Each structure stands twice: as structure tokens, then as C-alpha cells.
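Biologist: I should like to take a close look at a single part of this protein. Please explain the part in its setting, and define each term as it arises.

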Amino acid sequence: MSDDLRSPSSDSSLELSEYRDQQFSGDNDEHEKLLMESSTLYVGNLSFYTTEEQIFELFSRCSDVKNVFMGLDNIKKTACGFCFVEYHHRADAENAMRFLNGTLLDDHTIHTNWDAGFKEGRQYGHSRCGGQVRNEFREDFDVGREGFGRQA
């Protein structure tokens, strides 16, 4: 990632991660530009039992949340451990990145990343089983994510 695309602040919590949305159709530079302007966060490592209301309450502590889009199993249409949180302004999303990344919620340490912006269809998991791909390869037992990974 080029230095000119990093956050102007020296706050490392605001820097772009190496993660890239595999469904994004543009090039890497276009994706990074969207991430630098975005007011949407990807929130991962959620318990399958965490509700939209809990997410809304937690992220509203940083500022006024515009939307919460829960990640859903593509087959069962149940929560599958991630969501998108959209704020009205970039500065509000930056506060959430600073203060909520690494927060414990439902016995899970949540992780936030910048997201290029929610589009319909992105809320669904893309694994063969309908959920998140990473859950198919997890080897640890996690009751909040329905036990062992599907491959274990």
C-alpha cells in the first residue's frame, strides 16, 4: 500500500489492513481509495448469537450509526459471525475503529476493518456450507460459533 493512501493520522488503528474483499471488481488502487473515504466498517469474529441490536448499541456509543447489516449464512439465513456498520461520517467511523477494535462482545474479541461500502448481497457468507469460509477451517472449539469448524 502506498504511503499517500495511509491515514494522515499517526494512529495505527486507522490504517488499512491487508484484507481485501474478494468480491470487489475494481483494481487495488480503486479499492484503497474507497477504503480511505469510507464510513463503513467490517466487524468480524462475532458470536453467531450476537444480535443486530447489540451491535447497534455498542457502536452507537461512538456516534450515530446509520445502518447495521448482519452477516448471514447464505443457506440458513442465520447470523454467521460478521456484520457491516455504517456511519454518517468518516470521523465517526474512525472513532469506532479507535475505541471498539479488540472489544469483548459475547465472549468474542471483535475485530474491525475498513470496508469499501455495503452493497446488497455482501451480507451473505461465501463458503460451500453457506457461512464464512474461515469457519470451515477452524480447528478450535468455539460454542459461540457453533462448536468446531466444519472441516475439523
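Which residues are buried in helix α3 (residues 90–100)?

Modeller: Before the answer, a few conventions are needed. This is a predicted model, in which local features need a pLDDT (the predictor's confidence in each residue, from 0 to 100) of at least 70 and side-chain atom pairs count only at pLDDT 80 or more, while totals for chains, interfaces and linings use all residues. Residues are numbered from 1 along each chain as its sequence is written, and side-chain values use heavy atoms, with hydrogens and water left out.

The buried residues of helix α3 are Arg90, Asp92, Ala93, Glu94, Ala96, Met97 and Leu100. Buried means under 20% relative accessible area, exposed over 50% and partly exposed in between, with a 1.4 Å probe and protein chains only. An α-helix has 3.6 residues a turn, so residues three or four places apart point the same way. The cover over the buried residues of α3 includes α1 (28–37), β1 (40–44), α2 (52–60), β3 (79–87) and β6 (111–115). Just after this helix, Gly102 has a positive phi of about 90 degrees.

To place α3, consider the whole chain. Four helices and six strands make up its elements, where helices (H or I, at least four residues) and strands (E, at least two) are DSSP runs numbered from the N terminus. Their order from the N terminus is α-β-α-β-β-α-β-β-β-α. Of the 152 residues, 47% count as buried. Contact means heavy atoms within 4.5 Å; among contacts between residues at least 6 apart in sequence, 62% join residues at least 24 apart.

Three of the strands that cover α3 belong to an open sheet of four strands, in the order β2-β3-β1-β6 with antiparallel pairing. Its edge strands, β2 and β6, each pair on one side only. Two strands pair if DSSP finds at least two bridges between them. Strands of a sheet pair through backbone hydrogen bonds, either parallel or antiparallel.

Strand β3 has bridges to two partners. With β2 (residues 65–72), β3 runs antiparallel and is joined by six bridges, and Met70 stands opposite Cys83. These two strands form a hairpin with six residues between them, and Lys77 in the turn has a positive phi of about 60 degrees. With β1, β3 is also antiparallel, through five bridges, and Phe82 is the bridge partner of Gly44. Helix α2 packs on the sheet and touches β1, β2, β3 and β6; the direction of α2 makes about 140 degrees with that of β2. For such angles, axes are lines fitted to C-alpha atoms, for helices over the stretch in contact, and angles run from 0 to 180 degrees between N-to-C directions.

Two cysteines also deserve mention. Cys80 is buried at a relative accessible area of 3%, and Cys83 is buried at 0%. The whole structure contains zero disulfides, a disulfide being a pair of cysteine sulfur atoms within 2.5 Å.

Finally, a word on confidence. The chain averages a pLDDT of 79, and 68% of the residues score at least 70. Among the elements, α2 has the highest mean pLDDT (97) and helix α4 (residues 133–137) the lowest (50). Residues 1–9 fall below 50, and pLDDT stays under 50 over residues 129–133. Where pLDDT is low, the predicted coordinates should not be read in detail.
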